[in-house]
Amino acid sequence: MNSINTMRLKTSFLILLCLFSASFLKAQSKMKDEHSTLKVLVLFNTVNGGTYKMAQEIAAGIEDFPGAKAVLKQVPRIKPLDNEAKQPFSGIPYANINELPEYDAIAFGSAVHFGNMSADMRYFLDQSVSIWTSRKLEGKPSTVFMSAGSGAGREAAILSFWNTLAIHGMVIVPTGIMGTSEMDKTIPQGNTAFGASSLAGIPNSIRPSKGELHIARLQGYALAKAAKGYQLTAGSSNGKAAVVSKSEERTSVIETKLKALNIVLPKAPAPVGNYKPYRISGKQVFINQIALNNGKVDHPGLIEKEVIEEQAKLATRQTLLNVLAVLKEATGGDLDQVKQAVQLTGYFYTSAGYTKHAVLMNEASNLLVQIFGEKGMHTRATAGASSLPMNSAVEIQAIFELE
């Protein structure tokens, strides 16, 4: 009888131990996931919905960055808004001032009121004294976007935010001239070098314009990119930055491999038309490049007529390096975020009857596997073309899966 009771006790103990272990591992996994995900607040105040539309695009830009999650919230109103329940932003929750330190970065958006932020936004930020004295926002990235009826005073209004953010010790992310070359210059645009804004009061014009929304999306991405840097160097819960010892620094596997192979990635080629150098959909990134090198095409012309086989191989190598340069940009500078190379499609400028496409494409495939190992193994297609952009001998379309 005693032996039976002893066995029962042992069995119960083992069951409890297994349950505890499973719970502990699950908690560890959850903590790891929460740390690896960027949580960025898009905090706005709107009356007619223009700032809300800008906020949506800022949020979309944030989530273009791998691992970033945007949280949209409104500033509580001093005075209730008439018919707010019928507005498209009515379902967006109101923020609490004490939750601001919970985020890795914050984008602030408001209508322009006499060259300043709105009264609702000003009143909300004026409640952050205890957060300021405890330095809970110090070092965190921030950015500002606005909507202005006439556009008058929009730069001053953005700078009115900057004063407060600087007092908090936040890192301010401006827009500079990002995306301005891609904007429609035939219509008035509200964007500034300090942050995206919309000219909401332009008659007979849909606002925010495509150009204004485009800058807002780029601004969101830039904020998420800065937030990643903050996350990697964030300190303890008191908000002070931690000093990362060399032993604690994470060594990039891919960067180490590139260095060992004596490969320096070129600067990612800028778009020459109304398109993006890459597009992330879900966890896949899509890239298309030719053999550009410092603004000029390497070994241009018809293969076997103007370009010999060895030159075509060099052009193929350069094209893949361009693909990887854009991929690095898409991953926020961290090529270790690449989970798998999925597909390469090579196009070669050849005459009818040419049959050595695969030989040329091996240059790209071999290099990709050299760098990424098993993650670089991919499916592949090759084709001949009667011409390619800028007389390039090679064009490569690539699909990668991100972590």
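Asn294 is in the loop between β9 (292–293) and β10 (296–297). I start there since that residue is a small oddity in a predicted model. Phi of Asn294 is near 55 degrees, a positive value, and Asn294 is not a glycine. With a relative accessible area of 79%, Asn294 is exposed, because anything over 50% counts as exposed.

Where else does a residue that is not a glycine have a positive phi? Arg135 does, at about 60 degrees. Arg135 belongs to the loop between α4 (129–133) and β4 (141–148). Its relative accessible area is 37%, so Arg135 is partly exposed. Gly332 has a positive phi as well, about 70 degrees, and follows just after α8.

Now the overall picture. The protein has 403 residues, and 44% of them are buried. Its secondary structure comes to 9 helices and 13 strands. Of the contacts with a separation of 6 or more, 77% are between residues 24 or more positions apart.

I will go through three helix pairs. Two packed helices are described by the angle between their axes and the distance between the axes.

The first pair is α2 and α6. Helix α2 covers residues 50–64 and helix α6 covers residues 210–233. Their axes come within 6 Å and cross at roughly 45 degrees. That makes α2 and α6 oblique to each other. The crossing of α2 past α6 is right-handed. On the α2 side, the contact is made by Lys53, Met54, Glu57, Ile58, Ala60, Gly61, Ile62 and Asp64. On the α6 side, the residues include Leu213, Ala216, Arg217, Tyr221 and Leu223. Sorted by class, the contact of α2 with α6 has 9 nonpolar, 3 polar and 5 charged residues.

How many of the residues of α2 are buried? The count is 11 of its 15, so α2 is mostly covered. Among the buried ones are Met54, Glu57, Ile58, Gly61, Ile62 and Asp64, and these six residues are also in the contact with α6. Gly50, Thr51 and Tyr52, at the start of α2, are buried too. From its first C-alpha to its last, α2 reaches 22 Å, close to the 21 Å expected at 1.5 Å a residue.

The second pair is α8 and α9. Helix α8, residues 309–330, has 22 residues. Its reach from first C-alpha to last is 32 Å, close to the 32 Å expected. The axes of α8 and α9 come within 8 Å and cross at roughly 40 degrees. By that angle, α8 and α9 are oblique to each other. As with the pair before, the crossing is right-handed. From α8, the residues in contact include Thr316, Leu320, Leu324 and Leu327. From α9, they include Leu360, Ala364, Leu367, Leu368 and Ile371. By class, the contact of α8 with α9 has 12 nonpolar, 1 polar and 4 charged residues.

Ala364 deserves a closer look. Helix α9 runs over residues 357–372, and Ala364 is in it. Is Ala364 buried or exposed? At 0% relative accessibility, Ala364 counts as buried, because the cut-off is under 20%. Setting aside residues up to four places away in sequence, Ala364 touches Thr316, Leu320, Leu344 and Ile396. Thr316 and Leu320 are α8 residues in the contact with α9. The C-alpha of Ala364 is 9.6 Å from that of Leu314, which is 50 residues away along the chain.

The third pair also involves α9. Helix α7, residues 253–260, packs with α9 at an angle of about 120 degrees, and their axes are 8 Å apart. Here too the two helices, α7 and α9, are oblique to each other. Ile254, Lys257 and Leu258 of α7 meet Gln370, Ile371 and Phe372 of α9. The residues of this contact divide into 4 nonpolar, 1 polar and 1 charged. Ile371 and Phe372 are also in the contact of α9 with α8.

Last, a strand residue. Ile287 lies in strand β8, residues 284–290. At 2% relative accessibility, Ile287 counts as buried. Which residues does Ile287 contact, leaving aside neighbours within four places in sequence? They are Pro277, Tyr278, Val323, Val326, Leu327, Ile396, Gln397, Ala398 and Phe400. Among these, Leu327 is in the contact of α8 with α9, and Ile396 is touched by Ala364. Lys276 is 11 residues from Ile287 along the chain, and their C-alpha atoms are separated by 9.0 Å.

Key. Residues numbered from 1 in each chain as written. Predicted model: local features only at pLDDT ≥ 70, side-chain atom pairs only at ≥ 80, totals over all residues. Heavy atoms only, no water. Helix = DSSP H or I, 4+ residues; strand = E, 2+ residues; numbered from the N terminus. Buried < 20%, exposed > 50% of the residue type's maximum accessible area, 1.4 Å probe, protein only. Contact = heavy atoms within 4.5 Å. Axes fitted to C-alpha atoms, helices over the stretch in contact; angles between N-to-C directions. Parallel < 35°, antiparallel > 145°, perpendicular 65-115°, else oblique. Left-handed = near helix turned anticlockwise from the far one by under 90°. Nonpolar A, V, L, I, M, F, W, Y, C, P; charged D, E, K, R; others polar. Expected span 1.5 Å × (residues − 1).
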